[in-house]
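User: Could you walk me through how to read helix packing and a ligand site in a model?

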Amino acid sequence: MTIVDTPERRQLRELTRSFVTREVLPHLSGWERAGELPRSLHESAAKIGLLGIGFPESVGGSGGDLLDSMVVTEEIIRSGGSSGLIAALFTHGIALPHIVAAQDEALIERYVRPALAGTMIGALAITEPDGGSDVAGIRTCAVRDGDHYVVNGAKTYITSGVRADFVTTAVCTDFPGSGSLSLLVIDKGTPGFTVGRRLEKLGWHCSDTAELSFADVRVPVSNRVGPEDTGFLAIMQQFANERISLATQAYATAQRCVDLAVRWSRDRQTFGRPLVARQVVRHRLAEMHSRTEAARAYVHEVAERVAAGQPVVTEVAIAKNVAVSACDFVVDAALQLHGGFGYMRDAEVERHYRDARLLGIGGGATEIMNEIIAKGMGL
Ligand SMILES: Cc1cc2nc3c(=O)[nH]c(=O)nc-3n(C[C@H](O)[C@H](O)[C@H](O)COP(=O)(O)OP(=O)(O)OC[C@H]3O[C@@H](n4cnc5c(N)ncnc54)[C@H](O)[C@@H]3O)c2cc1C
């Protein structure tokens with residue numbers, strides 16, 4: 001709750017909290033069972049300006065920066081939402097930034113504005129069946145044929161890929177390698193582009209995840225984001241925001257689980273006394289709280305530097321790993337304190353426990369963050 005606590009951000013928290021209470025909480029369990037969010041939720045979030053936070057008004061956004069997006073994330077989870085909900089409702093947060101940065105008016109008109117208005121859903125497809133960590137190893141290829149590229153290949157684990165109207169897709173335009181990566185926006189319904197499979201997952205149940213396949217898909221050259229062969233740089237530049245967003249989901253999930261565990265420990269009686277009367281329980285809660293506070297403070301500090309445009313690649317990687325590690329510890333401890341109830345679908349901590357497992361995998365896994373950190377140490 002400490003990101004520069006301005007009146008505007010307090011208002012944003014209030015707006016987010018009332019949106020979650022009104023529009024999300026009564027339906028979240030149903031969406032978890034259905035495996036996806038309804039389109040109407042995108043529209044209602046857009047109507048009150050939530051979808052557009054972090055995007056400039058000049059492209060249809062609501063303004064604000066990375067810190068404002070973090071406020072929204074913190075408040076969604078604090079109010080009983082989840083990282084899975086954020087992944088599905090805010091997939092445009094990873095699908096659009098490259099298009100906005102390329103300042104391509106036609107693409108902005110066609111994809112960015114409708115996505116921020118909640119009338120289109122976008123996805124970002126980088127990961128392939130052969131690997132996700134090695135972005136330079138992408139094999140989906142796009143061969144130029146007049147005014148089109150002909151795309152062949154496959155993508156997997158794509159968030160919102162089942163529902164997406166368009167997919168910002170990483171392709172190699174020449175030989176595989178970081179020097180020949182480009183981003184193409186590919187429309188649903190383009191012949192040869194199919195959603196192969198809706199993937200079943202451990203967590204993030206309300207977020208649909210897809211396998212995508214491309215067989216001789218003709219994509220207009222005008223759907224390329226920025227100049228040819230600049231895709232690798234564009235992807236790397238946007239990773240900072242995605243990693244800070246995942247780090248925020250991690251400490252916010254930890255905070256929610258601390259709150260749930262404290263409440264439970266006060267209420268639950270064993271051997272005639274509340275759990276919280278035991279020193280071992282109080283110390284466990286203290287450790288959960290301490291790790292969460294430390295993670296939040298570090299992520300906030302790094303996020304402020306990212307928002308200020310400072311080159312903090314190593315610190316972003318540290319922030320993600322520190323927050324994920326705190327979250328992993330806290331969700332496990334919170335579930336344990338809930339006993340048998342913690343293992344039940346009815347328990348909110350059960351969902352956070354499953355959802356949190358993704359945070360050390362997506363957006364660059366923990367091991368990849370460690371590679372970046374080691375490089376930053378000159379190793
Ligand atoms: C629910 C979900 C949603 C996702 N959403 C999207 C999405 O919207 N768009 C998208 O493009 N991708 C998405 N992904 C994919 C995600 O980004 C990748 O799963 C992730 O980058 C890891 O890639 P991989 O699964 O291919 O693992 P691999 O790259 O095969 O790695 C396997 C393991 O080895 C480790 N490893 C890899 N290389 C090294 C190394 N050099 N040294 C040490 N250890 C190493 C990794 O850290 C990992 O633990 C999603 C994944 C999931 C599970």
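Analyst: Sure, we'll take two helix pairs and then the ligand. Keep in mind that this is a predicted model.

User: How do I read the angle between α1 and α4?

Analyst: Angles that are neither roughly parallel, roughly antiparallel nor roughly perpendicular count as oblique. Here the axes of α1 (residues 7-24) and α4 (residues 66-78) cross at roughly 40° and come within 9 Å. That makes the pair oblique, and the crossing is right-handed.

User: Which residues make that contact?

Analyst: From α1 you have Arg 9, Leu 12, Arg 13, Thr 16, Arg 17 and Val 20. On the α4 side, they include Asp 68, Val 71, Glu 74 and Glu 75. By class, the contact of α1 with α4 has seven charged, six nonpolar and one polar.

User: What is the handedness of the α11 and α13 crossing?

Analyst: That one is left-handed. α11 (residues 313-337) and α13 (residues 366-376) pack at about 140°, their axes 9 Å apart. Among the residues that meet are Ala 317 and Ile 318 in α11, and Met 369 and Ile 373 in α13. The class split for α11 with α13 is six nonpolar, five polar and one charged.

User: Now the ligand: how many residues surround it?

Analyst: 19 residues do, and the closest are Thr 127, Gly 132, Ser 133, Tyr 157 and Glu 367.

User: Which ligand atom does the side chain of Glu 367 approach?

Analyst: An oxygen atom of the ligand, 2.6 Å from a polar side-chain atom of Glu 367. For backbone partners, look at Tyr 157, with a polar backbone atom 2.7 Å from a ligand nitrogen, and Leu 124, with one 2.8 Å from a ligand nitrogen.

How values were computed. Residues numbered from 1 in each chain as written. Predicted model: local features only at pLDDT ≥ 70, side-chain atom pairs only at ≥ 80, totals over all residues. Heavy atoms only, no water. Axes fitted to C-alpha atoms, helices over the stretch in contact; angles between N-to-C directions. Helix = DSSP H or I, 4+ residues; strand = E, 2+ residues; numbered from the N terminus. Parallel < 35°, antiparallel > 145°, perpendicular 65-115°, else oblique. Left-handed = near helix turned anticlockwise from the far one by under 90°. Contact = heavy atoms within 4.5 Å. Nonpolar A, V, L, I, M, F, W, Y, C, P; charged D, E, K, R; others polar. Near = heavy atom within 4 Å. Polar contact = N/O pair within 3.5 Å; in protein donor to acceptor, adjacent residues only side chain to side chain.
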